[in-house]
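Reader: Could you take me through the sheet here in some detail, strand by strand? I would like to follow the pairing and what lies around it.

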Amino acid sequence: MQQQGAQVSMPNDREVEVTRTFRAPRTLVYEAYTKPELVQQWLLGPPGWTMPVCEMDVRVGGRFRWRWRSEEDGKEFGFEGEYLDVQPATLLRNTESFDSGDIGGSMGEKPAMVTVRFHERNGTTTLTTLIEYASKQDRDAAVSTGMTDGMESSYKLLDDVLAERPVQRKPI
Amino acid sequence: MKLNEQLDATFFALSDPTRRAILGRLAEGEASVSELAAPFRMSQPAISKHLKVLERAGLVSVGQDGQRRPRRLETEPLAAATEWIEHYREVWETNFQRLDELLEELQTRDHAREDG
């Protein structure tokens with residue numbers, strides 16, 4: 001079966017949804033998504049970043065803490081939150097707050113709400129991640145993250161948004 | 001216009017089927033307001049209203065050709081909107097490709113266990 005790349009859509013002003021299919025059963029995808037020692041192997045973002053902190057207490061009321069470090073300059077940032085709903089191999093729902101660490105930037109004061117769904121069909125798992133931000137501004141800041149580098153941009157528009165609101169790379 | 005405002009204007013302009021159809025028509029070449037109105041069973045003022053939205057978003061420009069004022073498609077805002085999402089998508093895809101590899105390793109591990 002031909003594998004499709006990640007698809008991004010914006011169901012409304014405050015949400016962004018990312019869908020991706022994996023050639024593996026959902027129990028395995030869930031395992032790779034919830035075991036810290038496995039998450040650390042893939043949730044790294046762009047080249048040059050490592051994930052020194054990956055703590056995940058995957059149960060309702062449990063918390064997670066993710067932190068990345070730039071190998072180049074040692075700068076760090078992270079995400080953390082609380083699990084609100086945990087249905088193994090089916091659904092995860094958690095809050096997510098951005099900790100700008102040394103890199104600055106903001107994705108709003110209020111945490112985002114993240115819902116991850118695992119759906120298996122014929123041995124293939126579709127992973128759907130819906131992120132609901134507190135405001136449209138927060139969502140746009142999160143989606144714009146990372147546009148500061150790695151992209152030779154000729155857009156003057158981009159300079160404008162960076163001047164208005166410094167944003168940084170979000171590696172997921 | 002700031003990027004956020006530009007993107008808002010672009011996405012708002014694209015949220016209406018008539019406006020998307022107008023852009024589709026202009027992709028084939030410039031056209032006057034009456035030419036644009038013809039296939040839509042809409043009054044020219046109604047079409048003009050849609051055109052205003054498209055012009056504000058920078059998706060349509062107005063030319064000058066003697067008495068005619070043909071409308072033209074401007075693609076730059078579309079490229080900006082596409083790139084904005086595409087960059088975000090690529091960050092996810094980079095992670096997911098690593099996850100592909102990890103899942104393959106895990107499946108090999110599981111099969112080895114079953115065989116052993």
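Author: Happy to! Two strands pair if DSSP finds at least two bridges between them, and the strands themselves (E, at least two residues), like the helices (H or I, at least four), are DSSP runs numbered from the N terminus. This is a predicted model, in which local features need pLDDT of at least 70 and side-chain atom pairs count only at pLDDT 80 or more, while totals for chains, interfaces and linings use all residues. Residues are numbered from 1 along each chain as its sequence is written, and chains are lettered from A and ligands numbered from 1 in the order in which they are written.

Let's begin with the whole sheet. In chain A, 8 strands make up an open sheet with antiparallel pairing, in the order 1-2-8-7-6-5-4-3. Its edges are strand 1 (7-9) and strand 3 (49-56) of chain A, each of which pairs on one side only. On average, neighbouring strands are turned by 20° against each other, direction ignored; the axes behind such angles are lines fitted to C-alpha atoms, for helices over the stretch in contact, and angles run from 0 to 180 degrees between N-to-C directions.

Now to the strand 1 edge. Strand 1 of chain A runs antiparallel to strand 2 (residues 15-22) of chain A, and 3 bridges join them. Here Gln7(A) faces Thr19(A) of strand 2 of chain A. Helix 1 (residues 26-34) of chain A packs on the sheet and touches strand 2, strand 3, strand 7 and strand 8 of chain A, where a contact means C-beta atoms, placed from the backbone, within 7 Å. The direction of helix 1 makes about 150° with that of strand 7 of chain A.

Strand 7 of chain A deserves a closer look. With strand 6 (residues 91-99) of chain A, strand 7 (residues 112-121) shares 6 bridges in an antiparallel pairing, and Asn94(A) sits opposite Val114(A) of strand 7. Towards strand 8 (residues 124-132) of chain A there are 9 bridges, again antiparallel, with Arg117(A) opposite Thr128(A) of strand 8. Strands 7 and 8 of chain A form a hairpin with 2 residues between them, and Asn122(A) takes a positive phi near 50° there.

Further along the chain comes helix 3 (residues 136-144) of chain A, which is largely enclosed by the rest of the structure because 7 of its 9 residues are buried. Buried means that 20 or more other C-beta atoms, placed from the backbone, lie within 10 Å of a residue's own. Among the buried residues of helix 3 of chain A are Asp138(A), Arg139(A) and Asp140(A).

Definitions and conventions: A residue is buried if 20 or more other C-beta atoms lie within 10 Å of its own, exposed if 12 or fewer, and partly exposed in between; C-beta atoms are placed from the backbone. Two residues are in contact if their C-beta atoms, placed from the backbone, lie within 7 Å.
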